[in-house]
Amino acid sequence: MDVPLRNVRVVIGSIGDDIHVVGITILGHALRNAGAEVIQLGIQTPPAEFVATAVAEDADVVMVSSSNGHAAIWCDTLRADLDAAGGEGVLLYVGGNLAVSAFTPWEGTEARFLDMGFDRAFGPATQPAEAIRVLAEDLRARDTDEFREASRA
Ligand code: B12
């Protein structure tokens, strides 16, 4: 079996007031099948719980999901909060229906979340296999000397 995420620790959940559970459930199973240790926070997870869990569990990546259009409100200071709590090296991903309307062009939405400090923003049609491929790539890049130099600077 292909286990590209062996020993990788992932914190996942739907943020804020979001009750959409199907995406995080499917993604959580796929990550586990790819070898990851998944800490599933479930729906309606406060931003502070993502931060506290990521640090306590020594996570490699936090995967935030949001589908109800409220993502920007809840995600605003997540990167800064994670850094302040000692999680500077933790990758931060967000995915789902991130704009208020499903008709909002994706490019602007993606740019907005990258500006907030997310390492990656994924649109609503993202398949778990794609998220797993990108995560494996980002983790490989993070484990280079160049990345370590940059994060110490
Ligand atoms: C089912 C559903 C509901 C159910 C949820 C049941 C439940 N407990 O999960 C109910 C009826 C309760 C509901 C409620 C609401 N919903 Co709703 N819902 C849907 C619907 C039809 C399907 C969502 C779903 O399960 N998809 C299947 C999963 C597998 O797909 P997914 O969630 O997109 O996740 C995949 C990817 O996006 C990705 N992914 C998701 N998160 C992440 C995170 C990371 C890091 C990564 C890498 C990938 C990733 O991986 C998943 C696997 O492929 C969508 C429309 C649609 N067709 O998508 C609307 C939709 C999401 N809902 C919407 C809305 C507005 C609401 C409400 C606000 C409606 C209201 N006025 O009350 C409320 C929200 C209440 C709240 N507090 O959150 C809108 C959101 C608009 C937007 N932002 O673009 C949508 C898009 C409908 C629409 N076209 O307007 N909803």
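What share of the contacts in the chain between residues at least 6 apart in sequence join residues at least 24 apart? The share is 76%, where contact means heavy atoms within 4.5 Å.

This is a predicted model, in which local features need pLDDT of at least 70 and side-chain atom pairs count only at pLDDT 80 or more, while totals for chains, interfaces and linings use all residues. Residues are numbered from 1 along each chain as its sequence is written, and side-chain values use heavy atoms, with hydrogens and water left out.

**Figure 1. Overall view of the chain.** The chain holds seven helices and five strands; both are DSSP runs numbered from the N terminus, helices being H or I with at least four residues and strands E with at least two. From the N terminus on, the order of elements is β-α-β-α-β-α-α-β-α-β-α-α. The C-alpha trace spans about 40 × 40 × 30 Å along its principal axes. The radius of gyration is 14 Å, which agrees with the value near 15 Å for a compact globule of 153 residues; this radius is taken over C-alpha atoms, and the globule rule is 2.2 Å times the number of residues to the power 0.38. Of the 153 residues, 44% are buried. Buried means under 20% relative accessible area, exposed over 50% and partly exposed in between, with a 1.4 Å probe and protein chains only.

**Figure 2. The ligand and its shell.** Among the 29 residues around the ligand, those that come nearest are Asp17, His20, Val21, Ser65 and Ala99; a residue is near a molecule if one of its heavy atoms lies within 4 Å of it. Helix H1 (22–33), strand S3 (61–66), strand S4 (91–96) and helix H6 (128–142) each contribute at least two residues to the shell. The shell has 16 nonpolar, 11 polar and two charged residues. Here Ala, Val, Leu, Ile, Met, Phe, Trp, Tyr, Cys and Pro count as nonpolar, Asp, Glu, Lys and Arg as charged, and the others, Gly among them, as polar.

**Figure 3. N and O atoms beside ligand nitrogen.** A polar side-chain atom of Ser65 is 2.7 Å from a nitrogen atom of the ligand, and one of His20 is 2.8 Å from a nitrogen atom of the ligand. Gly95 places a backbone N or O atom 3.4 Å from a ligand nitrogen atom.

**Figure 4. Nonpolar cores.** The largest nonpolar core (buried Ala, Val, Leu, Ile, Met, Phe, Trp, Tyr and Cys residues joined through side-chain atoms within 4.5 Å) has 23 residues, of which Val62, Val64, Cys75, Val94, Phe113 and Phe118 touch the most other members. Elements that each supply at least two residues of this core include strand S1 (9–15), strand S2 (37–45) and helix H2 (47–56). Leaving aside neighbours within four places in sequence, Cys75 contacts Ile15, Val64, Val94, Phe113, Met116 and Phe118. Another core, of 20 residues, lies apart from it and includes Val61, Phe122, Leu135 and Ala136.

**Figure 5. Helix H2.** Pro47, Phe50, Val51, Thr53 and Ala54 of H2 are buried. The buried residues of H2 pack against S1, S2, S3, H3 and H4. After H2 comes Asp58, with a positive phi near 55 degrees.

**Figure 6. Leu139 in helix H6.** Leu139 belongs to helix H6 and is buried, with a relative accessible area of 9%. Not counting residues up to four places away in sequence, Leu139 touches Leu5, Val8, Asp60 and Leu91. Leu139 and Leu5 are 134 residues apart in sequence, with a C-alpha to C-alpha distance of 9.1 Å.

Conventions:
Polar contact = N/O pair within 3.5 Å; in protein donor to acceptor, adjacent residues only side chain to side chain.
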